[in-house]
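This briefing is meant for a reader who is meeting the structure for the first time. It begins with the chain as a whole and then turns to particular places within the chain.

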Amino acid sequence: VKLVGRILGYFLLRYIPFRILQPSVSAVIAGSYLAILLREDSMLVTVVGVGIANMAYCVTRIELTLLETDKYFFGTEGLATAASVMMGLGYLGACFGAICAAFLSIHYAIIITFSLSCF
């Protein structure tokens, strides 16, 4: 699913502007988590929702990778600082998500991830 998301992200970014694509894909991720929360007893909804959220996350990851190296967005002087802050926060979020998944129940981890993805 991740590979499909990365390929899809590359093609979507060519035809849809970044400012439209990023919120749209974030809404898909939030909708997938919301479907999991509302239908927590259905294994099919859980599997499909996590798959769609994972694929959509990979679409946004392609955009963020391009954004980290875009000198026109941050300017040439702030590029290194901005890219390192973006990457550091991304790694911090991944660590926090892994900690939540390891030590909390799945429903609390989904609620926390859903809440953080809205910000």
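Among the contacts in the chain with a separation of 6 or more, 56% join residues that lie 24 or more positions apart. The model is predicted, and the mean pLDDT of its chain is 76, with 82% of the residues reaching 70 or more. The points below take up the overall make-up, the core, two buried residues and a patch on the surface.

**Overall make-up and confidence**

- The chain is built with six helices and zero strands, so that the order of its elements, read from the N terminus on, is α-α-α-α-α-α.
- Confidence within the chain is lowest in helix H4, which covers residues 71-74 and has a mean of 66, whereas the highest value belongs to H2, at 81.
- The chain has 119 residues, of which 21% count as buried.
- Its accessible surface comes to about 8,200 Å², and carbon and sulfur atoms account for 72% of that surface.

**The largest nonpolar core**

- Nine residues make up the largest nonpolar core, namely Leu21, Val25, Ile29, Tyr33, Ile36, Ala53, Ala56, Val59 and Ile110.
- Two or more residues of this core come from each of helix H2 (18-38) and helix H3 (43-68), and the one that gives the most is H2, with five residues.
- Ala53, a member of this core, touches Ile29, Ser32 and Tyr33 when residues up to four places away in sequence are not counted; of these, Ile29 and Tyr33 also belong to the core.

**Ser32, a buried residue in helix H2**

- Ser32 lies in helix H2 and counts as buried, because its relative accessibility of 6% falls under the 20% cut-off.
- Not counting residues up to four places away in sequence, Ser32 touches Gly49, Ile52 and Ala53.

**Gly5, a buried residue in helix H1**

- Gly5 has its place in helix H1, and with a relative accessible area of 0% this glycine is buried.
- Once its neighbours within four places in sequence are left aside, Gly5 is in contact with Met55, Cys58 and Val59, the last of which is also listed in the largest nonpolar core.
- Gly5 and Gly51 are 46 residues apart along the chain, and their C-alpha atoms are separated by 10.0 Å.

**A nonpolar patch on the surface**

- Leu3, Ile7, Tyr10, Phe11 and Tyr15 together make a nonpolar surface patch of about 600 Å².
- Ile7, one of the residues of this patch, lies in helix H1, which spans residues 2-15.
- Ile7 is classed as partly exposed because its relative accessible area of 45% lies between the 20% limit for buried residues and the 50% limit for exposed ones.
- Helix H1 therefore holds both Gly5, which is buried at 0%, and Ile7, which is partly exposed at 45%.

Technical notes:
Residues numbered from 1 in each chain as written. Predicted model: local features only at pLDDT ≥ 70, side-chain atom pairs only at ≥ 80, totals over all residues. Heavy atoms only, no water. Patch = residues over 30% accessible without salt bridge, like charges linked within 9 Å, V, L, I, M, F, W, Y side chains within 5 Å. Areas by Shrake-Rupley, 256 points an atom, 1.4 Å probe, with all protein chains shown as cover. Salt bridge = Lys/Arg side-chain N within 4 Å of Asp/Glu carboxyl O. Helix = DSSP H or I, 4+ residues; strand = E, 2+ residues; numbered from the N terminus. Buried < 20%, exposed > 50% of the residue type's maximum accessible area, 1.4 Å probe, protein only. Core = buried A, V, L, I, M, F, W, Y, C linked by side-chain atoms within 4.5 Å. Contact = heavy atoms within 4.5 Å. pLDDT = per-residue confidence, 0-100.
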